[in-house]
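Good morning, colleagues, and thank you for making time for this presentation. I would ask you to keep the structure in view while I speak.

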Amino acid sequence: MPNKDSMISLAEASRRAGQILTRGASSELETGAAPTFEDLTEVLHFALGDGRIWLNDQRVVLMQSSVLGRIRQEIIDAFGVETARAMFMRIGYMQGVRDAELIQKRWPQEDLTHALAAGPRVHTLEGFVKVTTKHFAFDRDKGTYFGEFYWDDSSEAAEHLANYGVASEPVCWLQTGYPSGYTSQLFGKPVIFRETECAGMGHKRCFVVGQHAEAWGKDAPEREFLGLEWKNRRVHPTRRGVADKPDMTPLADDTGDVSVGVSASFVRTRHLLEKVASTDATVLFVGESGVGKELFSNQLHQMSARATGPFVAINCAAIPDTLVESELFGVEKGAYTGAVNSRAGYFERAGGGTLFLDEVSSLAYSAQGKLLRALQERTIERVGGARTIPVDVRVVAASNVDLAEEVAKGKFRQDLYFRLCVFPIAIPPLRERRDDIPLLMAHFLKLYSERHGRNVHGFTRRATDALLKYDYPGNIRELQNLIERGVVYADDGGHIDIVHLFSGSELLPPFTVHLSPDGRLNRNPLNEDNSPSGDIDGKSFSDMEKSIYRAALERNGGNISAAARALKISRASLDYRLGKLGLKR
């Protein structure tokens with residue numbers, strides 16, 4: 001019998017090896033191995049004011065089991081059992097894949113055995129069924145997997161019994177698809193689960209067996225149900241990183257701005273962009289500062305027939321009134337103080353391409369008239385010149401104020417407004433497209449980690465709560481800055497916490513309700529072992545930060561090192577913050 005002192009855990013063996021182990025079994029897991037149920041409850045939180053529920057950074061919805069059962073019944077009656085079975089197994093498969101991606105993203109350092117063991121816990125947490133692991137074992141190098149699990153209190157079996165009575169074959173289709181998708185995503189090869197005993201057939205509880213697809217033979221109907229036989233179907237092996245999302249590829253430029261999203265308002269904006277891109281119509285982008293108007297304009301240019309031409313952007317607010325005309329239309333030789341050479345303006349430089357006029361409302365009234373003439377006649381005159389020069393350019397304008405209101409105030413020419421507003425596109429602020437925030441968080445985290453050479457694994461639950469609820473008066477630009485600050489401020493190899501994000505002047509977002517380990521909704525997102533309780537709505541981050549540090553110091557008898565460990569930050573960082581906030585004794 002081996003010496004107990006010489007034995008190490010599976011997680012420790014993985015850390016010492018410096019890589020994920022390619023073989024493993026549930027019998028090797030330690031009791032209470034992460035992620036535990038308590039760990040998983042921390043990634044489920046409720047933003048009641050927004051009408052959203054988040055599972056880490058994925059939006060989820062609550063639905064009564066009876067509603068799902070009724071839909072199931074109608075599909076069976078309309079299309080037959082086989083079609084319904086295939087449909088619900090496919091839905092379960094996709095849900096399992098997404099939950100596996102969540103585990104990979106939230107706990108990227110866990111070995112494959114721990115990640116596989118988390119699947120039954122997530123499945124149970126979501127309320128479909130209570131899962132008990134009997135045993136599982138795998139060998140990734142050989143491509144083999146075998147697992148056996150018990151299911152108690154299956155909601156799907158209960159709904160089937162209520163609608164059809166005792167069945168002659170297993171009926172937990174949605175739940176069977178779930179572990180197939182979850183395990184296939186983590187294992188990197190197709191794994192099929194099959195129910196051998198089912199409560200819907202009168203058994204005391206359900207029993208499921210999972211094996212690598214080859215073990216079931218080529219005639220397994222699940223291959224078609226789960227899409228394994230579909231053309232171009234690929235299952236990618238995954239290691240430590242976050243799973244790829246080919247349907248959410250971000251479009252980014254060198255500045256880190258990103259145009260990507262799945263929210264309804266963002267998709268609507270993209271649809272309008274695609275509609276007008278193939279034409280030569282003048283486009284007016286309207287939106288708050290920081291929403292990405294220049295990026296959308298650049299994308300419009302790339303999607304148009306002028307993509308091979310130049311894209312020239314000019315911020316009208318940055319040009320002095322006395323130089324607007326010379327910058328836009330150029331200067332002729334001998335103009336003003338006897339210019340030695342002629343100089344082309346932005347209209348000529350953008351010839352054959354697109355000219356983007358940002359903050360067009362800031363143009364002087366006299367310059368507005370000349371811009372109108374250039375748009376109408378497609379010709380310009382250089383300052384100090386007598387000849388007209390034809391220009392072939394598409395003009396795209398942007399404004400962060402309502403130009404119609406500016407016209408009413410007499411600050412903007414009405415005729416120029418109508419000339420620019422041929423095809424207006426309103427870009428929504430970030431607070432109206434919160435479903436896109438997780439995608440932007442992931443993009444900027446990767447971007448700035450690579451740019452600054454930092455190894456930051458992700459965001460803590462508190463940081464995620466705050467970023468999902470913050471109102472972002474500076475829109476995407478502010479989110480970008482917050483995450484860059486977090487990447488720089490967080491410890492290398494650690495996670496970005498709320499203290500790494502906010503500088504002190506921002507108002508904390510409204511409370512977010514999350515699930516406590518005992519299954520109750522907890523109102524306060526900062527009510528953890530390392531932070532104070534109480535209502536935080538409307539308080540500045542500086543005030544909240546002081547309360548957090550005071551509470552941590554009190555719990556640790558004034559010991560700064562112990563308080564820093566409780567807060568999961570370095571002692572040097574805490575000591576610096578205490579001095580800056582005037583809390584050092």
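**Cysteines, strands, helices and cores**

I begin with the disulfides: a search of the whole structure finds zero of them. C198 is accordingly in no disulfide, and the nearest cysteine sulfur, that of C172, is 3.9 Å away. For reference, the cut-off for a disulfide is a sulfur pair within 2.5 Å. I should state at once that this is a predicted model.

Is C198 buried or exposed? C198 counts as buried because its relative accessibility is 0%, and the threshold for that term is under 20%. C316 also counts as buried, with a relative accessibility of 3%.

Let me turn to the strands, beginning with β15, residues 354–358. How many of the residues of β15 are buried? The count is five of five, so the strand is mostly covered. T354, F356 and D358 point one way from β15, while L355 and L357 point the other way, and all are buried.

β15 has strand partners that may be followed on the display. Strand β12, residues 311–315, runs parallel to β15 and is joined to it by five bridges. In that pairing, F311 stands opposite T354. β15 is also joined to β18 by four bridges, and these two strands again run parallel. Here L355 stands opposite V395 of β18.

From β18, residues 394–399, one can continue to strand β11, residues 283–286, through four bridges in a parallel arrangement. The bridge partner of L284 in β18 is A397. β11 is in turn joined to strand β19, residues 423–426, by four bridges, and this pair is parallel as well. V283 stands opposite F423 of β19.

I now move to a helix, α13, which covers residues 365–377. It has 13 residues and reaches 19 Å from its first C-alpha to its last, close to the 18 Å expected at 1.5 Å a residue. Which residues of α13 are buried? They are A367, Q368, L371, L372, A374 and L375. These residues lie on the same side of α13, because they cover an arc of only 165 degrees around the axis. The elements that cover the buried residues of α13 include α11, α12, β15, β16, β18 and α15. Two of the strands just discussed, β15 and β18, are thus among the elements covering this helix. After α13 comes R378, whose phi is positive, near 60 degrees.

That brings me to backbone geometry. As background, most residues other than glycine have a negative phi. Y472 is not a glycine, yet it has a positive phi of about 55 degrees. Where is Y472 found? It is in the loop between α17 and α18. Y472 counts as buried, since its relative accessibility is 0%. N475 is likewise not a glycine and has a positive phi of about 60 degrees. N475, however, is found in helix α18. With a relative accessible area of 0%, N475 is buried.

On the other side of that loop, helix α17 covers residues 461–469, and R461 lies in it. R461 counts as buried, at 6% relative accessibility. R461 and I498 are 37 residues apart in sequence, and their C-alpha atoms are 8.9 Å apart in space.

My last topic is the nonpolar cores. In soluble globular proteins, nonpolar side chains tend to be buried together. In this model, the largest nonpolar core has 42 residues, and L479, Y549 and L574 touch the most other members. Helices α16, α17, α18, α19, α20 and α21 each supply at least two residues of this core. Which helix gives the largest share? That helix is α16, with seven residues.

Y549 deserves a closer look on the display. Leaving aside residues up to four places away in sequence, Y549 touches V499, L567, L574, R577, L578, L581 and L583. There is also a second, separate core of 37 residues, which includes V122, F187, C198 and A199. This returns us to C198, the cysteine with which I began, which is buried at 0% relative accessibility and in no disulfide.

Thank you for your attention.

Technical notes
Residues are numbered from 1 along each chain as its sequence is written. This is a predicted model: local features need pLDDT of at least 70, side-chain atom pairs count only at pLDDT 80 or more; totals for chains, interfaces and linings use all residues. Side-chain values use heavy atoms; hydrogens and water are left out. Buried means under 20% relative accessible area, exposed over 50%, partly exposed in between (1.4 Å probe, protein chains only). Two strands pair if DSSP finds at least two bridges between them. A nonpolar core is a set of buried Ala, Val, Leu, Ile, Met, Phe, Trp, Tyr and Cys residues joined through side-chain atoms within 4.5 Å. Contact means heavy atoms within 4.5 Å. The expected span of a helix is 1.5 Å times one less than its number of residues. The arc is that of the directions from the helix axis to the C-beta atoms.
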